[in-house]
Amino acid sequence: MGHLPEPAGHLPEHEVKALVSGFGVRVPRGAHVPADGDVRAAAADLTPPLVVKAYGPELLHKSDAGAVALGNASAEEAAAAAAGMLARGVPAEGFLVEEQAAPGVEVIIGAVRDPAFGPVLLVGLGGVLTEVLDDAALRLLPVTEADVRGMLGELRGKALLEGYRGRPGVDLDALVKTVLAVADALGSPAFEGFAEFELNPVICSPDGVIAVDARLVPGSREGEEGTSHRAAAVPSHRGTRETTGSVANRTVTFDALFAPRAVAVVGASTKKPNFGNMFLGFYQKVFSGPIYAVHPTAPSIDGVPCVKSLAEADVDYALVAVPASQCADVVAQASGIPFVQVMSGGFGETGDASAEAALLAAVPPGTRLLGPNCMGVYSPAGGQTFLGGTQGPPGTVSVVSQSGGLAGEVIKVGERRGLAYSKVATVGNSLDVTPADLLAYLGEDPSTSAIGLYLEDPRDGVALRTALAACPKPVVALVGGRSAQGREAASSHTGGMIGDGRVWTALSRQTGLALVTCQDDLVGVLDFFDRHAGRAVPEGDDGVLVIGPSGGASVLAADTFDAAGLRLDGFPAEARDALRALGLGAGTSLANPLEVPVGPRADPALVARAVTAILAHRAYPDVVAHVNAQSFFTFGDSVEPLLAYTRAVADLQRALPHTRVTLVLRNGECAPAGVEDAVRAAAREGGVPLYRGMEAAAAAISAAASALRGRRKASPRQSNGDH
């Protein structure tokens, strides 16, 4: 079986069908002839009704060009249809005549080559209404059978496939087998370098599945598979230097990045304070090892001793804060220094790929480059920082961010809420050290229990997927600039339907990566992961128990958790009897969310007793207790009842090692100053995260459910795994 030709438009349909049929995809019987050939003779051995299709380099969308004729009752009619197309000016290079398939449910199976993640598979409801229906699911190749069945289950119109209102379902096993055959084909040498591929429609019926139209566009070959467009423009020699964790079967440590023995700062001035001077000041406050400034003539800067060049600096980490035009010369002096961070901007983010290439080429063997265009590293245990002020205590939360500013916010806001960080790395343009490199390292780091990512360009999406799939710890990501990563408008239906947001969703479903849409949820999910690290909850259950005061808050909570894909299952009869024995249920239904008295005059331990009674008869992996701070200070004047309630919730968590308890403090601004902090501290002492609204709590619990599902994923099939 041959390889794709060099890019020159799209392949004729009959050639594409010949390729996929070799992998087990069923296609109609047919014949093809050139435009001046004998269509009647070609169709003589085919069984009517017949379909006639013109093909040629200008006929990517044949239906739109009037290049398809259906229902021809004989070979003569087929020949007349072809002649009519030529008479109308259809730019035909030839004609394909096929036996017309019986009607059924029309499905699209397609793929594009994403610039960062490589081949992306799409399955959805198809035909001419593909874009109108916009009902499709995505996965990154390679895929498993479970992935494919999951894709079909995600379709809004899945009832068309399963059967509805007395109509039989289609042969789902045959459809799954066809999708897997396409996945095998796309991973084979025969499809190497493809840009877009599409079977649309694939007609599905109770009797089987048949692909009646096929389209394939060879790739432009401008970039390497599995890298972004920007990364592909910069030649990399990363393979000649050490990397981290277990990416690409290399095992080297990033320990010295986060806990260097000594540091050097390049770019501090003796005359006018700048970023270099600022970082010298930061290090003087928090770093206990030797600090050096690099300056050709000065003996010291701001009390820090100087060396004339990086070549004289006996350090593990060098921070470079000089103009972009000088960075390559400075970095070239770093031989023997394990890590060099280039803070300076003015590289690929401005479109200057040549400057990035020169910088990367200057990196000495054995040295790793962080950045450029990044703020650096934060690690309280290792004395690393890029922030002023007092560092927080060491913890177990780690973050990798392509934005230094956002990383600083995540650190400061998180520490304000009680999070403690192990390692935070900003990677900027990720020219050498990538998010995948650091994720692989942090996945094996004993000081890290949860990982957060902020990404704009993954640089090496294939390696990122590999690192995510291998990571034994929960990972949450906030992805920015998705539209900026979008490919040029694709010529096929598939290319038009696959957007960057959907690709990230596919990555999430296949690896367990939790996705959030705002910085506050990124911090909130990390808090949830941190508080509940190591807590074993029942698998295969996304049920949530919500309990709190009566009112509209309970109704809105049900809507919020439903929107997050979380179930609020009801209670068995035995649990309802136990609740009635506690005096609950008078005037309210014993449903989920459960309404119980919570306020300054209520029993602070009632919620805990009610939860315990329910869990004795029905397990829930998550319990959300919510409370209205406003009611405590409208109908009372002391903080003690609210703190007593919080301590009771914390005690409940201590008694439930296999359940995650979350506290929602609504309307906290109605409490006196300092009350919210006191409530948060009391809750965290018992291992309970605190949120200001149901939406934040639902986002955190949904993220935990996603991470748990990801860790249960099976290994991808080897037959289509070499991408």
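Pro-218 is located in strand β10, which spans residues 214-218. In this predicted model, Pro-218 has a relative accessible area of 7% and is therefore buried, the cut-off being under 20%. Phe-197 is 21 residues away from Pro-218 along the chain, and the C-alpha atoms of the two residues are separated by 8.6 Å.

The chain as a whole contains 25 helices and 28 strands. Of its 723 residues, 57% are buried. Among contacts with a separation of 6 or more, 72% are between residues 24 or more positions apart.

Strand β4 covers residues 94-99, and 6 of its 6 residues are buried, so the strand is largely enclosed by the rest of the structure. In a regular strand, side chains alternate between the two faces of the sheet. In β4 both faces are covered. Gly-94, Leu-96 and Glu-98 are buried on one side, and Phe-95, Val-97 and Glu-99 are buried on the other. The pairing partners of β4 include β1 (residues 30-34), which is joined to β4 by 5 bridges in the antiparallel sense. Within β4, Leu-96 stands opposite His-32. Strand β2 (residues 50-55) also runs antiparallel to β4, and 6 bridges join these two strands. Here Phe-95 of β4 is the bridge partner of Ala-54.

A further sheet is formed by 5 strands in the order β25-β24-β26-β27-β28; this sheet is open, and its pairing is parallel. The edges are occupied by β25 and β28 (690-691), each of which has a single partner strand, so one side of each has no neighbour in the sheet. Within this sheet, β26 (residues 622-628) and β27 (residues 660-666) are paired in the parallel sense over 7 bridges. His-626 has Val-664 of β27 as its bridge partner.

Two helix pairs were examined. Helix α14 (residues 435-444) and helix α15 (residues 461-470) have axes that come within 8 Å of each other and cross at roughly 15 degrees. The two helices are therefore roughly parallel, the cut-off for that class being under 35 degrees. The crossing of α14 and α15 is left-handed. On the α14 side the contact involves Ala-436, Leu-439 and Ala-440, which meet Ala-463, Leu-464, Ala-467 and Leu-468 of α15. The residues of this contact comprise 7 nonpolar, no polar and no charged.

In the other pair, helix α5 (residues 145-154) packs against helix α7 (residues 172-186) at an angle of about 120 degrees, and the axes are 10 Å apart. This angle makes α5 oblique to α7. The crossing of α5 and α7 is right-handed. Helix α5 contributes Glu-145, Val-148, Arg-149 and Leu-152 to the contact, while α7 contributes Leu-172, Asp-173, Leu-175, Val-176, Val-179 and Leu-180. The residues of the contact of α5 with α7 divide into 7 nonpolar, no polar and 3 charged.

Most residues other than glycine have a negative phi, and most peptide bonds are trans. Several positions in the model depart from these patterns, among them two peptide bonds that precede proline. The bond from Asn-200 to Pro-201 is cis, with omega near 5 degrees. Pro-201 belongs to strand β8 (residues 194-205). The bond joining Asn-592 and Pro-593 is likewise cis, and its omega is about 10 degrees. Pro-593 is placed in the loop between α20 (573-581) and β25 (594-595).

Positive phi values in residues other than glycine occur at Asp-302, with phi near 50 degrees, and at Asn-373, with phi near 65 degrees. Asp-302 is in the loop between β13 (300-301) and β14 (304-307). With a relative accessible area of 45%, Asp-302 is partly exposed. Asn-373 is in the loop between β17 (368-370) and β18 (377-378). Asn-373 is also partly exposed, with a relative accessible area of 30%.

Notes
Residues numbered from 1 in each chain as written. Predicted model: local features only at pLDDT ≥ 70, side-chain atom pairs only at ≥ 80, totals over all residues. Heavy atoms only, no water. Axes fitted to C-alpha atoms, helices over the stretch in contact; angles between N-to-C directions. Helix = DSSP H or I, 4+ residues; strand = E, 2+ residues; numbered from the N terminus. Parallel < 35°, antiparallel > 145°, perpendicular 65-115°, else oblique. Left-handed = near helix turned anticlockwise from the far one by under 90°. Contact = heavy atoms within 4.5 Å. Nonpolar A, V, L, I, M, F, W, Y, C, P; charged D, E, K, R; others polar. Buried < 20%, exposed > 50% of the residue type's maximum accessible area, 1.4 Å probe, protein only. Pairing = 2+ DSSP bridges.
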